[in-house]
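Hi,

Here is the structure I promised to pass on to you. My notes on the ligand site follow below it.

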Amino acid sequence: MPRTLFSDNYLSTKQITSLGIVIGLIAALFFGGIFSFIQYNKRDSGYNVLAQNMSSYLQTFFSHLQNTTYDLQPLFHANCRNGNWELTSRAAFQINIRTFILVRDSIAFCSSATGNMLMPLKELAPGLNDSKDVDFVIMPETLKMHNNSIIGAWFRSPGAENSGIYATISINLTPYLLFSANQQNISSVALVIGDKALTSNNNHIVNTDQLPDDPVRIAQVPGYPVKLYIFGSLLPAEDLQLSALASVIFGVLVGSFGAYILTVHRRLEHKILVGIKQNQFYLAYQPAMNSTTLNADGFEVLMRWKHPTAGLIPPDVFINAAEAQQLIVPLTRHLFSLVAQDIHKLKTILPVGTKLALNLSPSHLYSSSFKADILTLAAALPQNHFQIVFEITERGMLQEKEATDIFSWLHQQGFFISVDDFGTGNSALIYLERFTIDYLKIDKGFINSICVATATSPVLDAILTIAHRLDIKTVAEGVETTEQARWLIDHGVNYLQGYYFCHPLPLEQFIQWYQAPRHYSDLLNKV
Ligand code: G
Ligand code: G
Ligand code: MN
């Protein structure tokens, strides 16, 4: 076997370390991305809820205020002194309301605070448009003192032109912020009317262009010319730190786990290669009995691995490992060379026409060296003595096009094809029609379910009927009891294999078994 094959597949500790780091980095990036995305979404929907709550609170407040102004309409018909008490008490009992002022033809004439007055609304509230039904402005509380700010709200009387009620509202945004800041990571909230804004940072009035860029939310208070701006960060620094920390931990975990797996695999892979070199593999043979004559017409070759310290390693383990590590080709080549060693002894004992079944792995089937490997095997076997049967699991047939080509090539070369473990894959019956198949090995599972004479297996019955119709010979594997053998013989299965007849045995023991007399009187007498 070429030396390069070993070095090609061998990962150095350095390579494993760098692979571990790469895997770790990818995992960290991946996890960090997901984590930040989740945090982002959580915040995003948190802002939605906050914006929704604040704007609906303001809407309720404004519409309640508007309803109050409708209740105050009758006061227009009384003179100011008479109406004053009503106006004052309404203002006093309404939260956040400073004053109610009655306006007739753009002139303010009656205030809940000061009673009689005479002042154009324009001077009281510059910028307010009294020809609108509803209009709001933000302005300083008094024209001289700019420390406190208020909202001036205009509600026109129904049907009147420039008459209505002007209310001043003191607005304090701080409670919103206190309520929401600790959970939402909000830096500030602003109430915007026209081009003026009131922010929660200070109660000064600012122009909207002085507000920070990119609010995370803008919400319109429905029905009123008032907007809410929410400022904050969708991915605040502490979240990013948390994401980064979590991804680093996750990355280190995944990276070291990956390196660990690679090391374990390398060890097993390395051991397989050493095992091949040190001749730790050997073959076991299990006969297949012709169901009419009960002669051992054929046998299956099974790979065994006796490790000097670990002992017998189950074939499922090392075959799977070899497949995963791209070692199945060298391993199968090794199997072929072991077969070539044993075959000359077998040839002297087994008659011409004896079937010799070898297991092939699907990945070997489609490898570039497959045909050459098979021809090498064929050249090493005695001419015209054995009928070589390749056992291929259903998994090997999934690549239909390639399988068709390889199967017909094998047939041209005079080999036979057997479907191994039939019924355990997910492909099943359709493949029987698509491919030219010589034998069907019915999986142990089906044979197992034949326990007593009363039991019948409709699925097994159906498989046998189909195989018979398609002229495919059947082999039952895992036959362990007389009842099973009896049932299978009665149902026309062609070959029987299993512990009932013989365990897989090393060469010498197999030859002894083969040469010893055998009687199956309880099976034969009913045939
Ligand atoms: O005897 P048993 O435990 O040997 O086999 C377990 C599994 O290993 C079976 O599915 C069998 O097909 C598989 N197996 C045994 N020997 C070989 C072999 O030489 N090549 C392949 N590909 N599979 C084998
Ligand atoms: O290649 P395949 O998957 O057919 O491998 C046959 C497997 O079945 C091998 O592991 C072999 O040791 C095992 N085997 C053979 N005869 C019997 C049997 O009678 N009972 C059980 N349980 N296993 C068997
Ligand atoms: Mn098999």
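**Ligand 2 and its pocket**

In this predicted model, a polar side-chain atom of Glu300 is found 3.1 Å from an oxygen atom of ligand 2. Asn359 gives a similar pairing: an N or O atom of its side chain is 3.1 Å from an oxygen atom of the ligand. On the nitrogen side, an N or O atom in the side chain of Glu480 lies 2.5 Å from a nitrogen atom of ligand 2. On its own, ligand 2 has 520 Å² of accessible area, and the protein covers 78% of that.

As for the shell, 15 residues surround ligand 2, and those that come nearest are Asp420, Lys444, Glu477, Glu480 and Tyr499. Sorted by class, the shell holds eight charged, four polar and three nonpolar residues.

Where does ligand 2 sit? The answer is the largest pocket. Two elements give two or more residues to the shell around the ligand: strand S13 (296–307) and strand S17 (416–422).

Now the pocket itself, which has about 1,100 Å³ of space. Its lining counts 37 residues, with Leu302, Asp316, Asn359, Asp420 and Asp421 closest to the centre. At least two lining residues each come from S13, helix H7 (315–324), helix H8 (328–349), strand S15 (355–360), strand S16 (387–393) and S17. By class, the lining has 13 charged, twelve polar and twelve nonpolar residues.

Happy to talk it through whenever suits you.

Best wishes

Key
Residues numbered from 1 in each chain as written. Chains lettered and ligands numbered in written order. Predicted model: local features only at pLDDT ≥ 70, side-chain atom pairs only at ≥ 80, totals over all residues. Heavy atoms only, no water. Near = heavy atom within 4 Å. Polar contact = N/O pair within 3.5 Å; in protein donor to acceptor, adjacent residues only side chain to side chain. Areas by Shrake-Rupley, 256 points an atom, 1.4 Å probe, with all protein chains shown as cover. 1 Å grid on protein atoms, 1.4 Å probe; cavity = no way out; pocket = protein on both sides within 12 Å on 5 of 7 lines; lining within 4 Å. Sits in = over half its atoms within 2 Å of the grid points. Helix = DSSP H or I, 4+ residues; strand = E, 2+ residues; numbered from the N terminus. Nonpolar A, V, L, I, M, F, W, Y, C, P; charged D, E, K, R; others polar. Points joined across faces, edges and corners; volume = space filled by probe spheres on them.
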